[in-house]
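Thank you all for coming; today I would like to talk through one structure, taking its pockets and then its salt bridges. Please have a look at it before I begin.

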Amino acid sequence: MTVAQAQPNIALIKYWGKRDSGRNLPATGSLSLTLESLWTRMSVRFAEGPGEDRLYVDGINNDSMLGRVTGCLDRLCGAARPAATVESTSNFPIGAGLASSAAAFASLVTAAAAATGQAHDRQTLARLAGAASGSAARSLYPGIVELKVDDREIGVTSIANADEWPLRVVVAITDESTKRLGSGEAMLRSAATSPFYSAWVERQEADLEVARNAVLKRNFEQLAAVSEHNCLKMHSVMWTARPAIVYWNQATLACMEAVRDLQKYGVPVFFTIDAGPQVKAVCLAEVEGRVIEMLSSTAGVRRVLASGLGEGARVLG
Ligand code: PMV
């Protein structure tokens, strides 16, 4: 049995749409922060021979994700492989817009490759994880990560590590329940029905360039402006899909207001929101306490998690 750990990552320049659904190839590049304190640990044990795979999530048998796990193991080991028992534990709510699938598939490919003695490099593991969940490719890498894509494949790199720019992420959890519509289906609907989708895809490269330069120059203000803009554009694409996709609730909006209030006082913080109602506030280390205090006391916030930037997926022990 082999155990691996991966942390979720939070995209600042988002992946929202696929250029090839069959290969799960993203429409555009993206840029993200790999977290430190939130984690998923995955153990993989192979039987002697073929059979049905089994998946346990936080101790409970889970069939809803089993197909994706089996597909991922088939791509890694070939379909004639022995049956696997996969057990996953996380220290944060899953399926609620906190990038749990990113942490799950990054740790799964890492554990399964080690269990079968395959010495794949990080890039290969990132491609295998990305075939299961687009954002998972980024969780193989530490710190601030950029994913590039062309018609053939993705390429992932870490553009700064935690020591080089120790950003902090404060997550305001407004609802722990599992989302009703998964991101894969939501992306397909957005691409098929939102009149804003093509404009979103067209402007992505420009946003990536601004964000990449902001990271390289450690320019927080520039990173804040482009990240909030990119997040609001992604949600505008969702809102204008038919039927509309709205992941926010009242507390999501209240948290955005709270971040705006802090910004008025010159606090270096900005928000980003993924396919769920939680708000992630990215800030400089010296103001983390103020951001935690502000979001904890915002109406509708159930709890707040705080994290620095962390390492890529790795085998434990
Ligand atoms: O990797 P998926 O299929 O869970 O999609 C991730 C989508 C967002 O989290 C909303 C954006 C992103 O780039 O992570």
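What follows is a short account of the pockets and the salt bridges in this model, which is a predicted one.

Let me begin with the largest pocket, whose volume comes to about 1,100 Å³. Its lining is made up of 50 residues, and those that lie nearest its centre are Arg68, Ser101, Ser133, Lys179 and Ser183. Where does the largest pocket lie with respect to domain 1 and domain 2? Domain 1, residues 2-162, and domain 2, residues 168-307, both give residues to the lining, so the pocket lies between them.

Several elements each supply at least two residues of that lining, among them strand S2 (9-13), strand S9 (84-90), helix H1 (66-77) and helix H4 (183-193). The largest share, 5 residues, comes from H2, the helix that spans residues 100-115. In terms of residue class, the lining of the largest pocket contains 21 nonpolar, 20 polar and 9 charged residues.

The second largest pocket holds about 300 Å³ of space. It is lined by 15 residues, with Lys179, Arg180, Leu181, Val246 and Tyr247 closest to its centre, and by class this lining divides into 8 nonpolar, 3 polar and 4 charged residues.

I turn now to the salt bridges, of which a search of the whole structure finds 16. One of them joins the side chains of arginine 19 and aspartate 151, with an N to O distance of 2.8 Å. This pair links distant parts of the chain, 132 residues apart, since arginine 19 sits in strand S3 and aspartate 151 in the loop between strand S10 and strand S11. Arginine 19 is partly exposed at 36% relative accessible area, whereas aspartate 151, at 58%, is exposed.

A second pair is formed by glutamate 176 and arginine 303, whose closest N and O atoms are 2.7 Å apart. Here too distant parts of the chain are linked, with glutamate 176 in the loop between strand S12 and H4, arginine 303 in strand S15, and the two positions 127 residues apart. Glutamate 176 is partly exposed at 34% relative accessibility, and arginine 303 is likewise partly exposed, at 33%.

Finally, arginine 212 forms a salt bridge with glutamate 205, at 3.7 Å between the closest N and O atoms. Is arginine 212 buried or exposed? At 17% relative accessibility arginine 212 counts as buried, while glutamate 205, at 47%, is partly exposed. Besides these pairs, salt bridges with shared partners join Lys14, Asp274 and Lys280 into one network.

How values were computed:
Residues are numbered from 1 along each chain as its sequence is written. This is a predicted model: local features need pLDDT of at least 70, side-chain atom pairs count only at pLDDT 80 or more; totals for chains, interfaces and linings use all residues. Side-chain values use heavy atoms; hydrogens and water are left out. On a 1 Å grid over the protein atoms alone, a cavity is a set of points where a 1.4 Å probe fits but cannot get out, and a pocket is an open set with protein on both sides within 12 Å along at least five of seven lines; lining residues have an atom within 4 Å of a point. Grid points are joined across faces, edges and corners, and a volume is the space filled by probe spheres set on the points. Helices (H or I, at least four residues) and strands (E, at least two) are DSSP runs, numbered from the N terminus. Ala, Val, Leu, Ile, Met, Phe, Trp, Tyr, Cys and Pro count as nonpolar, Asp, Glu, Lys and Arg as charged, and the others, Gly among them, as polar. Domain bounds come from an automatic or database domain assignment. A salt bridge is a side-chain nitrogen of Lys or Arg within 4 Å of a carboxyl oxygen of Asp or Glu. Buried means under 20% relative accessible area, exposed over 50%, partly exposed in between (1.4 Å probe, protein chains only).
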